Amino acid sequence: MPFNIQKIRNDFPILSRKVNGYPLVYLDNAATSQKPKQVIDSIVDYYSNYNANIHRGVHTLSQEATDAYEASRKKIQTHFNAKEAFEIIFTAGTTHGINLVANGFSGILKKDDEIIVSAMEHHSNIVPWQMLCEKTGAILKVIPMNEEGVLIFSEYEKLLSEKTKLVFVNHISNALGTINPIEKIIKKAHEVGAVVLIDGAQSCSHIKPDLQKLDVDFYVTSAHKMCGPTGVGILYMKEEWGNKLPPYQGGGEMIAEVTFEKTTYATLPHKFEAGTPNICGGIAFGAAIDYLNSIGFEAIEKHENELLKYASEKLLEIEGLKIYGTGPDKTSVVSFNIEGIHPYDIGTIVDKLGIAVRTGHHCAQPIMDFYKIPGTVRASFAFYNTLEEVDALVNAVKKAKMMLS
Amino acid sequence: MTIEAIQEELIDEFSMFEDWMQRYEYMIDLGKSLPLIDENLKTEDKLIKGCQSKVWLNSEMKDGQIIFTADSDAIITKGIIAVLVRVFSNQKPQDILDANTDFIDEIGLKEHLSPTRANGLVSMIKQMKMYALAYQTQLKN
């Protein structure tokens with residue numbers, strides 16, 4: 001299918017609204033993406049036509065809802081090329097998935113075992129491991145990054161040893177847009193027998209990871225950054241880990257047999273899906289994946305790279321503007337500051353001009369500490385953004401600079 | 001000048017502006033004109049916890065009136081706090097406690113009142129009233 005930007009934009013009702021009297025320019029896609037009508041329709045369809053609880057009713061509605069939910073799991077399996085559908089666990093989102101794994105390892109890790117994270121992690125990929133270290137006596141090690149916002153691979157290799165039990169790295173940094181070389185990271189970790197979890201919250205709207213090829217042990221992501229609804233995501237875990245890890249939460253759906261003496265757990269994936277899940281969310285996640293694939297990831301990547309290149313060039317023409325995250329492999333995220341101006345002030349002015357960007361530390365304070373800045377202005381582009389919107393951003397930033405200096 | 005009179009004055013000043021941009025430019029000017037405070041007053045305990053920009057608020061009691069001084073690392077935030085300092089500084093604790101803050105709406109800064117707004121206008125007012133309450137309690141004892 002040829003890449004028709006106007007046709008794509010027409011799929012997103014929100015893109016036609018105005019903000020503060022200006023056409024909305026939505027450049028906060030790294031926080032959450034907008035939703036196409038195909039996804040919104042799937043939500044309306046579910047609640048209008050076959051809303052029922054799943055996996056237990058014999059009645060028709062329950063069967064239909066169960067079929068749709070499981071079909072979505074299958075779709076996600078195919079999309080990410082997992083070996084089995086039951087390796088896809090539905091979660092409430094990336095943070096939930098990370099906590100589920102961290103909790104599972106609290107009974108496995110021993111004192112002085114080592115966990116490696118990267119210097120560019122989101123808080124949700126730092127805090128659960130710190131909590132795990134406090135609980136088990138394990139030690140947290142950090143892969144440093146360089147000025148360009150790229151992980152120093154040789155330092156990572158030095159950190160690895162037979163003590164390393166777990167490695168957790170994000171696929172793409174939310175604050176900088178850097179794409180990490182996860183294939184190499186996973187391979188190196190496996191050489192010392194360590195297990196790897198990759199946080200794909202920022203990547204899955206830009207690239208399509210092949211989980212079997214990556215040979216990753218755990219992979220987490222959220223639907224809402226991929227044009228799907230909030231409150232749903234997935235945790236992929238290799239079958240062997242699914243069997244090894246204990247359940248995270250107890251409740252209905254996750255049991256095989258319950259007596260007051262002993263409960264036996266259900267098999268994968270239900271072992272990790274206690275209680276009534278976000279049925280509608282799971283189904284709409286499937287619709288979002290269909291939508292993204294109908295555009296095609298090659299076309300998405302090509303268009304987003306064009307936006308990134310154009311935005312970086314145009315913004316750098318502004319005197320005193322500095323971009324953070326300048327490595328060779330990055331997605332369509334431009335994190336920047338203007339000398340002498342607080343990012344919050346820029347964000348406030350450009351919002352008045354209808355432009356949505358993120359300002360602040362982006363839940364990645366260690367990165368801000370590294371650059372010794374309070375935060376950045378972050379413009380993050382999606383496939384539905386246009387070059388004209390980049391121009392609108394650049395003009396708004398120029399205006400903000402004029403007003404603020 | 002009473003708090004109410006100062007608020008009226010501000011409403012007058014802001015009513016001259018035709019659009020948001022002039023309003024913000026004025027706020028920015030107010031921010032720039034806020035007297036600098038001593039660096040050693042910018043301590044952790046004077047910090048109003050906001051999400052994005054830092055605001056330091058200092059207070060002292062002089063002749064029965066509270067003197068507020070403040071600073072911020074973001075200029076628009078500094079403009080907002082300059083407005084508040086103008087309204088509430090050099091006032092009696094009880095008057096600060098009794099004052100309403102409807103004027104914020106009238107000078108077109110209502111959007112900053114939302115509790116999720118990262119500049120913490122709400123927290124600034126709350127902190128000023130907290131100081132007033134503390135001094136008022138001291139005065140009574």
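At what angle do the axes of helix α2 of chain B and α3(B) cross, and how close do they come? Let me start there, and then we'll walk through the rest together. One thing to keep in mind throughout is that this is a predicted model.

So, chain B. Helix α2, residues 20-33, meets α3(B) with the two axes coming within 7 Å and crossing at roughly 80 degrees. That crossing makes α2(B) roughly perpendicular to α3(B). If you'd like to find the contact on your screen, look on α2(B) for Y24(B), M27(B), I28(B), L30(B), G31(B), K32(B) and S33(B). Facing them from α3(B) are I75(B), I76(B), K78(B), G79(B), I80(B), A82(B) and V83(B). Sorted by class, this contact has nine nonpolar, three polar and two charged residues.

Helix α3(B) has another partner. Helix α1, residues 3-15 of chain B, packs with α3, residues 75-88, at an angle of about 140 degrees, and here the axes are 8 Å apart. The α1(B) side of that contact is I3(B), I6(B), Q7(B) and L10(B), and the α3(B) side is V83(B), R86(B), V87(B) and F88(B). Six nonpolar residues, one polar and one charged make up this contact.

Now follow the chain past α3(B), into the loop between α3 and α4 of chain B, where you'll meet N90(B). Its phi is near 65 degrees, a positive value in a residue other than glycine. N90(B) counts as partly exposed, with 16 C-beta neighbours inside 10 Å.

Let's move over to chain A, which has a helix pair to show you as well. Helix α3, residues 60-80 of chain A, and helix α10, residues 279-295 of chain A, pack at about 45 degrees, with their axes 8 Å apart. That angle makes α3(A) oblique to α10(A), and the crossing is a left-handed one. From α3(A), the residues in contact include A65(A), A68(A), Y69(A) and A71(A); from α10(A), they include G282(A), I283(A), F285(A) and G286(A). By class, the α3(A) and α10(A) contact holds nine nonpolar, four polar and two charged residues.

While we're in this part of chain A, have a look at the loop between β12 and α10, which holds P269(A). The peptide bond joining L268(A) and P269(A) is cis, with omega about -5 degrees.

Next, a helix with two faces: α7, residues 182-191 of chain A. Which of its residues are buried? They are I182(A), I185(A), I186(A) and A189(A). These buried residues cover an arc of only 95 degrees around the axis, which puts them on the same side of α7(A). Here is a bit of background: an α-helix has 3.6 residues a turn, so residues three or four places apart point the same way. The buried residues of α7(A) pack against α6, β7, β8 and α8 of chain A. Turn to the face away from that buried side and you'll see the exposed residues K184(A) and E191(A). Just after α7(A) comes G193(A), with a positive phi of about 80 degrees.

Another positive phi in chain A belongs to K372(A), near 55 degrees, and this residue is not a glycine. You'll find K372(A) in the loop between α13 and β17 of chain A. With 6 other C-beta atoms within 10 Å, K372(A) is exposed.

Here's a link between distant parts of the sequence. Y22(A) lies in strand β2, residues 22-23 of chain A. The C-alpha atoms of Y22(A) and K352(A) are separated by 8.4 Å, although the two residues are 330 apart along the chain. Setting aside its neighbours within four places in sequence, Y22(A) is in contact with L353(A) and G354(A). Y22(A) itself is partly exposed, with 14 other C-beta atoms within 10 Å.

Last stop: where the two chains meet. How many residues of chain A are in contact with chain B? There are 12 of them, and they touch 13 residues of chain B. On the chain A side, the elements giving two or more residues are α12 (343-352), β16 (358-360) and α14 (387-404). The largest share, five residues, comes from α12(A). By class, that side of chain A divides into five nonpolar, five polar and two charged residues.

That's the tour, and thanks for listening!

Note on methods: Residues are numbered from 1 along each chain as its sequence is written. Chains are lettered from A and ligands numbered from 1 in the order in which they are written. This is a predicted model: local features need pLDDT of at least 70, side-chain atom pairs count only at pLDDT 80 or more; totals for chains, interfaces and linings use all residues. Axes are lines fitted to C-alpha atoms, for helices over the stretch in contact, and angles run from 0 to 180 degrees between N-to-C directions. Helices (H or I, at least four residues) and strands (E, at least two) are DSSP runs, numbered from the N terminus. Angles under 35 degrees count as roughly parallel, over 145 as roughly antiparallel, 65 to 115 as roughly perpendicular and the rest as oblique. A crossing is left-handed if the near helix is turned anticlockwise from the far one by less than a right angle, and right-handed if clockwise. Two residues are in contact if their C-beta atoms, placed from the backbone, lie within 7 Å. Ala, Val, Leu, Ile, Met, Phe, Trp, Tyr, Cys and Pro count as nonpolar, Asp, Glu, Lys and Arg as charged, and the others, Gly among them, as polar. A residue is buried if 20 or more other C-beta atoms lie within 10 Å of its own, exposed if 12 or fewer, and partly exposed in between; C-beta atoms are placed from the backbone. The arc is that of the directions from the helix axis to the C-beta atoms.
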